[in-house]
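Okay, thanks everyone for coming. Have a look at the screen, and then I'll talk you through it.

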Amino acid sequence: MEKKVSLWQIFTVFAKIGAFTIGGGYAMIPIIQAEMSRRGWISDDDLPDIVALSQSAPGVMAVNISIFAGHRLRGVKGSIAATLGSITPSFLIILAIAMFFTAFKDNPYVERAFKGIRPVVISLIAVPMINMARKSCKNVWTWLLAIVSLGLVAFLNVSPIYIILCVLVLGFSFTYYRMKKDSSLHSE
């Protein structure tokens, strides 16, 4: 039988994740994967499901990831512990910055530090997205769909909602066609 994870463990792990994540939800993904996989809390197959649920739910993705991951571990109490853990460091850091920001907001070192952080955040977002694409795209059609969707959103500013709706219609149509084709073959 698997050992039950304590709420304190969940809180501290997500506090660590929240403290060292710069850039929000997508930047959390590699850290969550490393921390939770190392402890045996989730498998590599679980993470894309958690990310998909987090993206589809309303609200901040970082909080949604914490909610779903915590729920996998300990239900509602795990969700609360993970969420509090992930938001507490950000809350304390923002509170400290708000208290002292006027003293260093025009400091050139601070401006350079924030400019230096940007490329790191981009790579923290890109790496898990590429890894999830490799695991999710199993054939030429799924790769084509992923690339076309990326192009439509990134370069033509098409709303992801329209893409999701179109893919749903295509998926249902394809499934209906296949089922009808299979039933006609079996009836002969």
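**Helices, and a pocket**

So, what we've got is a protein chain with 7 helices and 0 strands. When I say helix or strand, I mean a DSSP run, numbered from the N terminus: H or I over at least four residues for a helix, E over at least two for a strand. Before going on: this is a predicted model, where local features need pLDDT of at least 70, side-chain atom pairs count only at pLDDT 80 or more, and totals for chains, interfaces and linings use all residues. Residues are numbered from 1 along each chain as its sequence is written, and side-chain values use heavy atoms, leaving out hydrogens and water.

Now the overall shape. The C-alpha trace spans about 80 × 50 × 25 Å along its principal axes. The radius of gyration, taken over C-alpha atoms, is 21 Å, well over the 16 Å that the globule rule (2.2 Å times the number of residues to the power 0.38) gives for 188 residues, so the chain is more spread out than a compact globule.

How do α1 and α4 pack? Helix α1, residues 7-19, meets helix α4, residues 61-104, at an angle of about 45°, with the axes 7 Å apart. Axes here are lines fitted to C-alpha atoms, for helices over the stretch in contact, and angles run from 0 to 180 degrees between N-to-C directions. That makes α1 and α4 oblique to each other; under 35 degrees is roughly parallel, over 145 roughly antiparallel, 65 to 115 roughly perpendicular, and the rest oblique.

Then there's α3 with α4: their angle is about 130°, and their axes are 8 Å apart. These two are oblique as well.

Last stop, the largest pocket. A pocket is an open set of points on a 1 Å grid over the protein atoms alone, where a 1.4 Å probe fits, with protein on both sides within 12 Å along at least five of seven lines; lining residues have an atom within 4 Å of a point. Of the 24 lining residues, Q55, M129, A146, S149 and L150 are the closest to the centre. Which helix gives the largest share of the lining? That's α6, with 9 residues.
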